[in-house]
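Here is a walk through one protein model. Keep the sequence and the 3D view side by side as you read.

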Amino acid sequence: MSYSKLNVLHWHIIDEQSFPLEVPSYPNLWKGSYSKWERYTVEDARDIVRGNGYPKLWPSPKCREPLDVTSNFTFEVISGILSGCWNATPHVKQWLHERNMTTKDAYKYFVLKAQEIAINLNWIPVNWEETFNSFKENLNPLTVVHNWLGPGVCPKVVEKGFRCIMSNQGVWYLDHLDVPWEDFYTSEPLAGINNTAQQKLVLGGEVCMWGETADTSDVQQTIWPRAAAAAERMWSQLEAISSQDLETTVLARLHYFRCLLNHRGIAAAPVTNFYARRPPIGPGSCFVQ
(Lines give C-alpha, C1' and ligand atoms only; values in the text may rest on other atoms or scores of the structure.)
Protein backbone atom coordinates (compact mmCIF):
# COMPACT_ATOMS: atom_id res chain seq x y z
CA MET A 1 0.00 0.00 0.00
CA SER A 2 2.79 2.43 0.82
CA TYR A 3 4.42 1.81 -2.57
CA SER A 4 1.29 3.15 -4.30
CA LYS A 5 0.49 5.79 -1.62
CA LEU A 6 -2.69 4.12 -0.42
CA ASN A 7 -2.74 5.57 3.08
CA VAL A 8 -5.70 4.05 4.98
CA LEU A 9 -6.37 0.38 5.76
CA HIS A 10 -10.01 -0.50 6.43
CA TRP A 11 -9.80 -3.95 8.03
CA HIS A 12 -13.23 -5.60 7.70
CA ILE A 13 -12.21 -8.18 10.26
CA ILE A 14 -15.60 -9.76 11.01
CA ASP A 15 -18.72 -10.64 9.07
CA GLU A 16 -21.55 -13.15 9.10
CA GLN A 17 -19.38 -16.12 8.12
CA SER A 18 -16.68 -15.85 10.80
CA PHE A 19 -15.72 -13.94 13.94
CA PRO A 20 -11.95 -14.48 14.14
CA LEU A 21 -10.92 -11.61 16.44
CA GLU A 22 -10.02 -12.09 20.10
CA VAL A 23 -12.00 -9.75 22.36
CA PRO A 24 -10.73 -10.36 25.92
CA SER A 25 -13.84 -9.04 27.67
CA TYR A 26 -16.06 -11.32 25.53
CA PRO A 27 -13.91 -14.47 25.20
CA ASN A 28 -16.61 -16.59 23.55
CA LEU A 29 -16.94 -14.34 20.50
CA TRP A 30 -14.06 -15.86 18.58
CA LYS A 31 -15.55 -19.29 18.98
CA GLY A 32 -17.40 -18.14 15.86
CA SER A 33 -14.18 -18.41 13.82
CA TYR A 34 -13.75 -21.11 11.19
CA SER A 35 -11.25 -22.90 13.43
CA LYS A 36 -8.89 -22.14 16.31
CA TRP A 37 -6.06 -21.89 13.78
CA GLU A 38 -7.87 -19.18 11.82
CA ARG A 39 -8.03 -16.43 14.41
CA TYR A 40 -6.43 -13.05 15.16
CA THR A 41 -5.19 -12.42 18.68
CA VAL A 42 -5.06 -9.00 20.26
CA GLU A 43 -1.32 -9.09 19.65
CA ASP A 44 -1.88 -9.83 15.94
CA ALA A 45 -4.11 -6.80 15.67
CA ARG A 46 -1.63 -4.70 17.62
CA ASP A 47 1.15 -5.73 15.22
CA ILE A 48 -0.93 -4.67 12.21
CA VAL A 49 -1.69 -1.29 13.73
CA ARG A 50 1.92 -0.82 14.79
CA GLY A 51 3.14 -1.97 11.39
CA ASN A 52 1.13 0.70 9.65
CA GLY A 53 2.56 3.33 11.98
CA TYR A 54 -0.70 4.52 13.54
CA PRO A 55 -0.77 3.39 17.19
CA LYS A 56 -3.32 6.10 17.98
CA LEU A 57 -5.91 4.05 16.11
CA TRP A 58 -6.41 2.23 19.40
CA PRO A 59 -8.65 4.26 21.74
CA SER A 60 -5.99 3.89 24.47
CA PRO A 61 -3.30 1.41 25.53
CA LYS A 62 -5.80 -0.21 27.90
CA CYS A 63 -8.71 -0.13 25.42
CA ARG A 64 -7.85 -2.49 22.60
CA GLU A 65 -11.25 -3.74 21.55
CA PRO A 66 -12.42 -2.33 18.21
CA LEU A 67 -15.68 -4.25 18.23
CA ASP A 68 -17.73 -1.87 20.36
CA VAL A 69 -20.96 -0.05 19.62
CA THR A 70 -19.10 2.99 18.30
CA SER A 71 -17.56 0.92 15.52
CA ASN A 72 -18.85 0.55 12.00
CA PHE A 73 -18.21 -3.20 12.39
CA THR A 74 -21.14 -3.38 14.79
CA PHE A 75 -23.46 -1.72 12.30
CA GLU A 76 -22.48 -4.30 9.71
CA VAL A 77 -23.06 -7.23 12.06
CA ILE A 78 -26.46 -5.96 13.17
CA SER A 79 -27.49 -5.23 9.59
CA GLY A 80 -26.26 -8.53 8.22
CA ILE A 81 -27.30 -10.91 10.99
CA LEU A 82 -29.84 -9.64 13.47
CA SER A 83 -32.30 -7.73 11.30
CA GLY A 84 -33.19 -10.89 9.42
CA CYS A 85 -34.32 -12.79 12.50
CA TRP A 86 -35.92 -10.11 14.64
CA ASN A 87 -39.47 -11.08 13.66
CA ALA A 88 -38.75 -14.72 14.48
CA THR A 89 -37.34 -14.04 17.95
CA PRO A 90 -40.14 -13.90 20.55
CA HIS A 91 -38.74 -11.29 22.94
CA VAL A 92 -37.59 -9.05 20.08
CA LYS A 93 -40.92 -9.45 18.33
CA GLN A 94 -42.66 -8.47 21.55
CA TRP A 95 -40.36 -5.46 21.98
CA LEU A 96 -41.19 -4.32 18.44
CA HIS A 97 -44.90 -4.86 18.99
CA GLU A 98 -44.94 -2.81 22.20
CA ARG A 99 -43.35 0.09 20.36
CA ASN A 100 -45.35 -0.36 17.16
CA MET A 101 -42.08 -0.73 15.24
CA THR A 102 -41.14 -2.72 12.16
CA THR A 103 -37.72 -4.32 11.77
CA LYS A 104 -36.82 -1.42 9.51
CA ASP A 105 -37.79 0.99 12.29
CA ALA A 106 -35.66 -1.00 14.73
CA TYR A 107 -32.64 -0.86 12.45
CA LYS A 108 -33.03 2.90 12.20
CA TYR A 109 -33.35 3.09 16.00
CA PHE A 110 -30.16 1.10 16.44
CA VAL A 111 -28.12 3.11 13.97
CA LEU A 112 -29.17 6.45 15.40
CA LYS A 113 -28.60 5.26 18.97
CA ALA A 114 -25.14 3.96 18.07
CA GLN A 115 -24.36 7.24 16.32
CA GLU A 116 -25.32 9.15 19.44
CA ILE A 117 -23.03 7.01 21.59
CA ALA A 118 -20.16 7.29 19.11
CA ILE A 119 -20.38 11.06 18.87
CA ASN A 120 -20.59 11.45 22.65
CA LEU A 121 -17.31 9.50 22.83
CA ASN A 122 -15.72 11.78 20.20
CA TRP A 123 -15.87 9.18 17.44
CA ILE A 124 -17.09 9.94 13.93
CA PRO A 125 -19.68 7.46 12.63
CA VAL A 126 -19.03 5.98 9.19
CA ASN A 127 -22.12 4.21 7.85
CA TRP A 128 -22.73 2.17 4.74
CA GLU A 129 -24.89 4.00 2.24
CA GLU A 130 -28.01 2.00 3.12
CA THR A 131 -28.48 4.30 6.11
CA PHE A 132 -28.39 7.37 3.88
CA ASN A 133 -30.72 5.77 1.35
CA SER A 134 -33.21 4.80 4.06
CA PHE A 135 -33.26 7.70 6.54
CA LYS A 136 -30.86 10.44 5.48
CA GLU A 137 -32.99 13.09 7.17
CA ASN A 138 -32.30 11.50 10.58
CA LEU A 139 -28.55 10.96 10.33
CA ASN A 140 -26.25 13.09 12.44
CA PRO A 141 -24.56 15.81 10.35
CA LEU A 142 -21.15 14.38 11.32
CA THR A 143 -21.92 11.12 9.51
CA VAL A 144 -19.55 9.91 6.81
CA VAL A 145 -21.46 7.88 4.20
CA HIS A 146 -19.56 4.96 2.65
CA ASN A 147 -20.80 4.31 -0.89
CA TRP A 148 -20.59 0.78 -2.28
CA LEU A 149 -23.80 -0.20 -4.05
CA GLY A 150 -23.32 1.77 -7.25
CA PRO A 151 -22.57 5.10 -8.93
CA GLY A 152 -24.17 8.46 -8.31
CA VAL A 153 -24.35 8.24 -4.53
CA CYS A 154 -21.65 10.70 -3.44
CA PRO A 155 -23.25 13.61 -5.36
CA LYS A 156 -26.49 13.05 -3.43
CA VAL A 157 -24.61 12.66 -0.15
CA VAL A 158 -22.55 15.85 -0.41
CA GLU A 159 -25.56 17.80 -1.65
CA LYS A 160 -27.12 17.08 1.75
CA GLY A 161 -23.96 18.26 3.52
CA PHE A 162 -22.57 14.85 4.52
CA ARG A 163 -19.08 13.60 3.77
CA CYS A 164 -18.62 10.61 1.48
CA ILE A 165 -16.19 7.77 0.71
CA MET A 166 -16.54 6.13 -2.70
CA SER A 167 -16.22 2.36 -3.19
CA ASN A 168 -18.56 1.71 -6.10
CA GLN A 169 -18.61 -2.10 -6.37
CA GLY A 170 -19.00 -2.01 -10.14
CA VAL A 171 -15.54 -0.52 -10.63
CA TRP A 172 -13.57 -0.64 -7.36
CA TYR A 173 -14.18 -4.13 -5.98
CA LEU A 174 -10.96 -6.07 -6.51
CA ASP A 175 -12.65 -9.45 -6.09
CA HIS A 176 -14.64 -8.68 -9.26
CA LEU A 177 -12.05 -10.30 -11.48
CA ASP A 178 -13.60 -9.14 -14.75
CA VAL A 179 -13.19 -5.43 -13.95
CA PRO A 180 -10.14 -4.30 -15.96
CA TRP A 181 -7.49 -1.85 -14.82
CA GLU A 182 -8.92 0.80 -17.16
CA ASP A 183 -12.18 0.88 -15.18
CA PHE A 184 -10.29 1.28 -11.92
CA TYR A 185 -8.32 4.14 -13.44
CA THR A 186 -11.15 6.06 -15.05
CA SER A 187 -13.56 5.94 -12.09
CA GLU A 188 -13.65 9.45 -10.67
CA PRO A 189 -14.85 9.98 -7.06
CA LEU A 190 -15.82 13.56 -7.92
CA ALA A 191 -17.95 12.62 -10.93
CA GLY A 192 -21.20 14.57 -10.95
CA ILE A 193 -20.00 17.03 -8.29
CA ASN A 194 -19.25 20.44 -9.78
CA ASN A 195 -19.53 22.57 -6.67
CA THR A 196 -16.04 23.13 -5.20
CA ALA A 197 -17.28 23.18 -1.61
CA GLN A 198 -19.15 19.92 -2.13
CA GLN A 199 -16.11 18.30 -3.77
CA LYS A 200 -14.20 18.85 -0.52
CA LEU A 201 -16.78 16.69 1.27
CA VAL A 202 -15.57 13.63 -0.70
CA LEU A 203 -12.88 12.28 1.64
CA GLY A 204 -11.54 9.87 -0.94
CA GLY A 205 -12.11 6.38 -2.22
CA GLU A 206 -11.50 2.79 -1.23
CA VAL A 207 -10.71 -0.21 -3.40
CA CYS A 208 -12.13 -3.28 -1.66
CA MET A 209 -10.55 -6.72 -1.47
CA TRP A 210 -13.23 -9.04 -0.11
CA GLY A 211 -11.99 -12.43 1.01
CA GLU A 212 -14.72 -14.90 0.02
CA THR A 213 -12.87 -16.00 -3.14
CA ALA A 214 -9.26 -15.32 -2.16
CA ASP A 215 -6.71 -16.48 0.40
CA THR A 216 -2.96 -16.26 0.91
CA SER A 217 -2.38 -18.21 -2.30
CA ASP A 218 -3.76 -15.50 -4.58
CA VAL A 219 -4.73 -12.36 -2.65
CA GLN A 220 -1.73 -10.25 -3.68
CA GLN A 221 -2.15 -10.84 -7.41
CA THR A 222 -5.87 -10.10 -7.01
CA ILE A 223 -5.11 -6.71 -5.48
CA TRP A 224 -2.15 -5.70 -7.64
CA PRO A 225 -1.67 -3.96 -9.97
CA ARG A 226 -5.30 -2.83 -10.33
CA ALA A 227 -5.36 -1.12 -6.92
CA ALA A 228 -2.45 1.05 -8.07
CA ALA A 229 -4.55 2.30 -11.00
CA ALA A 230 -7.15 3.58 -8.55
CA ALA A 231 -4.41 5.06 -6.35
CA GLU A 232 -3.09 7.18 -9.21
CA ARG A 233 -6.60 8.37 -9.95
CA MET A 234 -7.12 9.45 -6.35
CA TRP A 235 -3.75 11.17 -6.01
CA SER A 236 -4.00 13.07 -9.32
CA GLN A 237 -5.83 16.25 -10.17
CA LEU A 238 -8.89 15.53 -12.26
CA GLU A 239 -7.76 17.91 -14.98
CA ALA A 240 -4.33 16.30 -15.19
CA ILE A 241 -5.50 12.83 -16.16
CA SER A 242 -9.05 13.10 -17.49
CA SER A 243 -7.94 13.53 -21.12
CA GLN A 244 -5.04 11.07 -21.14
CA ASP A 245 -4.76 8.30 -23.69
CA LEU A 246 -4.60 5.34 -21.34
CA GLU A 247 -2.82 3.01 -23.73
CA THR A 248 0.03 5.38 -24.55
CA THR A 249 0.54 7.16 -21.22
CA VAL A 250 -0.80 5.18 -18.28
CA LEU A 251 -0.33 1.57 -19.36
CA ALA A 252 3.46 1.80 -19.58
CA ARG A 253 3.64 3.22 -16.06
CA LEU A 254 1.40 0.46 -14.72
CA HIS A 255 3.51 -2.21 -16.45
CA TYR A 256 6.61 -0.72 -14.85
CA PHE A 257 5.01 -0.47 -11.42
CA ARG A 258 3.83 -4.07 -11.61
CA CYS A 259 7.38 -5.19 -12.37
CA LEU A 260 8.74 -3.15 -9.47
CA LEU A 261 6.29 -4.92 -7.17
CA ASN A 262 7.44 -8.30 -8.50
CA HIS A 263 11.07 -7.32 -7.92
CA ARG A 264 10.16 -6.42 -4.34
CA GLY A 265 8.62 -9.83 -3.76
CA ILE A 266 4.97 -8.86 -4.21
CA ALA A 267 3.02 -11.21 -6.48
CA ALA A 268 1.38 -8.63 -8.74
CA ALA A 269 -0.40 -10.17 -11.72
CA PRO A 270 0.00 -9.12 -15.36
CA VAL A 271 -1.73 -5.83 -16.12
CA THR A 272 -3.71 -6.68 -19.23
CA ASN A 273 -5.11 -10.15 -18.50
CA PHE A 274 -8.85 -10.33 -19.14
CA TYR A 275 -9.35 -11.82 -15.68
CA ALA A 276 -7.33 -10.49 -12.79
CA ARG A 277 -4.76 -12.61 -10.89
CA ARG A 278 -4.16 -15.03 -13.76
CA PRO A 279 -0.56 -15.78 -14.82
CA PRO A 280 1.00 -14.61 -18.11
CA ILE A 281 -0.52 -16.21 -21.19
CA GLY A 282 2.90 -16.79 -22.76
CA PRO A 283 6.58 -15.86 -22.68
CA GLY A 284 7.62 -12.22 -22.68
CA SER A 285 9.03 -9.33 -20.73
CA CYS A 286 7.47 -8.33 -17.41
CA PHE A 287 7.21 -4.81 -18.80
CA VAL A 288 4.71 -5.74 -21.51
CA GLN A 289 2.52 -8.36 -19.79
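A disulfide is a pair of cysteine sulfur atoms within 2.5 Å. This is a predicted model, and by that rule it holds 2 disulfides.

Start with Cys154 and Cys164. Their sulfurs lie 2.1 Å apart, so under the 2.5 Å cut-off the two residues form a disulfide. The torsion about this S-S bond is about -75°, and the disulfide is therefore left-handed. Cys154 sits in helix α6, residues 153-159. Its partner Cys164 belongs to strand β3, residues 163-166. The two cysteines are 10 residues apart, and the pair links distant parts of the chain. Cys154 is buried, and Cys164 is buried too.

Now move to the other bond. Cys259 is joined to Cys286, with an S to S distance of 2.0 Å. The angle about the S-S bond is -125° here, and this link is left-handed. Cys259 lies in helix α13, which covers residues 246-263. Cys286 comes from the segment after α13. These partners are 27 residues apart, and they also link distant parts of the chain. How buried is Cys259? Its relative accessible area is 1%. Buried means under 20%, so Cys259 qualifies.

Count the bonded cysteines along the chain, and the disulfides follow the pattern 1-2, 3-4. One further cysteine deserves a look. Cys208 has 4% relative accessibility, so this residue counts as buried.

Next, helix α4. The helix runs over residues 103-120 and has 18 residues. What span should it have? At 1.5 Å a residue, the expected value is 26 Å. The end C-alpha atoms of α4 are 26 Å apart, so the model agrees with the expectation.

Look at which α4 residues are buried. They are Ala106, Tyr107, Phe110, Val111, Ala114, Gln115, Ala118 and Ile119. The spacing in such a list can be read against helix geometry. An α-helix has 3.6 residues a turn, so residues three or four places apart point the same way. After α4 comes Asn122. The phi of Asn122 is positive, near 65°.

Finish at the surface. Met1, Leu9 and Ile48 make a nonpolar patch of about 230 Å². Leu9 is placed in the segment before α1, the helix spanning 42-51. Is Leu9 buried or exposed? Neither label fits: its relative accessible area is 44%, so Leu9 is partly exposed.

Terms used. Residues are numbered from 1 along each chain as its sequence is written. This is a predicted model: local features need pLDDT of at least 70, side-chain atom pairs count only at pLDDT 80 or more; totals for chains, interfaces and linings use all residues. Side-chain values use heavy atoms; hydrogens and water are left out. Helices (H or I, at least four residues) and strands (E, at least two) are DSSP runs, numbered from the N terminus. Buried means under 20% relative accessible area, exposed over 50%, partly exposed in between (1.4 Å probe, protein chains only). Patches are made of residues with over 30% relative accessible area and no salt bridge: like charges are joined within 9 Å, nonpolar side chains (Val, Leu, Ile, Met, Phe, Trp, Tyr) within 5 Å. Accessible areas come from the Shrake-Rupley method with a 1.4 Å probe; for residues, only the protein chains shown count as cover. A salt bridge is a side-chain nitrogen of Lys or Arg within 4 Å of a carboxyl oxygen of Asp or Glu. The expected span of a helix is 1.5 Å times one less than its number of residues.
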